[in-house]
Amino acid sequence: MNSNPSSDNETSFGFRAVPQNERQSLVNNVFARVADSYDVMNDLMSGGMHRLWKNDLINWLAPSKTAPQALLDVAGGTGDIARRFLDVAGPRSSATICDISAEMLAAGRKKLADRYGERLRFVQGNAESLAFPDRTFDAYTIAFGIRNVTDIEAALAEAFRVLKRGGRFVCLEFSQVQTPIVDRIYDAYSFRVIPRLGELVAKDGDAYRYLVESIRRFPDQDRFAAMIRAAGFERVQYRNLSGGIAALHSGWRI
Ligand code: SAM
């Protein structure tokens with residue numbers, strides 16, 4: 001357990017080292033298996049906290065109520081960010097959910113397509129190579145998605161490319177807990193309770209073991225902020241949520 005990638009061609013899939021070119025299909029397999037129970041599991045695992053964190057993302061993004069804005073929500077899954085955006089943005093604003101998983105998109109479409117009509121689009125695609133022209137979007141969001149991407153630098157470069165000048169990048173991701181005691185409780189909960197919940201509800205303990213392990217593999221707040229800056233973003237800042245269990249990172253394409 002906890003093995004580090006040992007060669008240039010290896011990367012981590014949770015705590016396992018796997019060939020880089022196999023990782024995305026392992027990730028896709030996880031989300032194909034959990035898509036139908038994904039929303040219920042999110043509520044159960046986080047005690048509903050993920051809803052508050054997603055509200056925090058939208059509050060920080062502060063969509064305009066008047067000017068039309070185009071949002072790209074990458075790894076958008078079942079649409080929690082896109083629908084929050086559309087609920088507060090002006091009526092001429094639109095959201096595009098881009099996700100690599102057909103199963104997650106199908107779950108989102110089932111839930112939301114009728115509600116927003118043409119204001120909401122679903123597009124299957126990889127965060128590392130987006131099929132959108134340069135400078136298309138006013139905002140790019142990614143919630144609990146980037147740690148699943150194999151080449152994070154490539155995804156950040158793509159985020160920068162598809163944003164207009166003056167556009168904003170906001171990422172919500174699990175992060176590093178800042179308080180030692182909370183850290184220990186959170187660790188015990190993550191490794192003991194979450195895989196069991198996954199087994200009971202989603203009938204898939206392994207998928208949830210990967211999700212927990214991948215959180216520990218993700219760069220901490222400062223390292224991730226440095227990666228965002230390296231992709232060309234300016235005014236990069238982050239905010240810890242719930243003591244660092246999750247964090248919001250923001251950057252601007254100036
Ligand atoms: N954003 C949603 C939310 O917050 O509820 C879903 C997050 S879910 C934990 C992670 C999502 O990332 C899955 O829907 C998965 O299919 C997607 N994903 C994984 N790798 C991806 C990639 N390379 N490009 C785009 N989406 C990806």
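Begin the tour with helices α2 and α7, each of which supplies at least two residues of a nonpolar patch. The model on your screen is a predicted one, and in it you can select V40, L44, L200 and V201, which together make this nonpolar surface patch of about 340 Å². Keep L44 selected for a moment: this residue lies in helix α2, and it counts as partly exposed because its relative accessibility is 39%, which falls between the 20% limit for buried residues and the 50% limit for exposed ones.

Next, select residues 180–201, which form helix α7, a run of 22 residues that reaches 30 Å from its first C-alpha to its last, close to the 32 Å expected at 1.5 Å a residue. Follow the helix to S190, where a kink of about 30 degrees is centred. Now colour Y186, S190, I194, P195, L197 and G198, which are buried; the buried residues of α7 pack against α2 (38–46), β7 (163–174) and α8 (205–217). Just after the end of α7, stop at K203, which takes a positive phi of about 55 degrees.

The last stop is Y208, which lies in helix α8. Is Y208 buried or exposed? Y208 is buried, because its relative accessible area is 1%, and buried means under 20%. Leaving aside residues up to four places away in sequence, show the neighbours that Y208 touches: V34, Y38, M41, M45, I194, P195, G198 and A202. Among these, I194, P195 and G198 are also buried residues of α7. Finally, draw a distance between the C-alpha atoms of Y208 and F191, which are 17 residues apart along the chain and separated by 9.3 Å.

Terms used: Residues numbered from 1 in each chain as written. Predicted model: local features only at pLDDT ≥ 70, side-chain atom pairs only at ≥ 80, totals over all residues. Heavy atoms only, no water. Helix = DSSP H or I, 4+ residues; strand = E, 2+ residues; numbered from the N terminus. Expected span 1.5 Å × (residues − 1). Bend = angle between axes of the 7 residues up to and from the residue. Buried < 20%, exposed > 50% of the residue type's maximum accessible area, 1.4 Å probe, protein only. Contact = heavy atoms within 4.5 Å. Patch = residues over 30% accessible without salt bridge, like charges linked within 9 Å, V, L, I, M, F, W, Y side chains within 5 Å. Areas by Shrake-Rupley, 256 points an atom, 1.4 Å probe, with all protein chains shown as cover. Salt bridge = Lys/Arg side-chain N within 4 Å of Asp/Glu carboxyl O.
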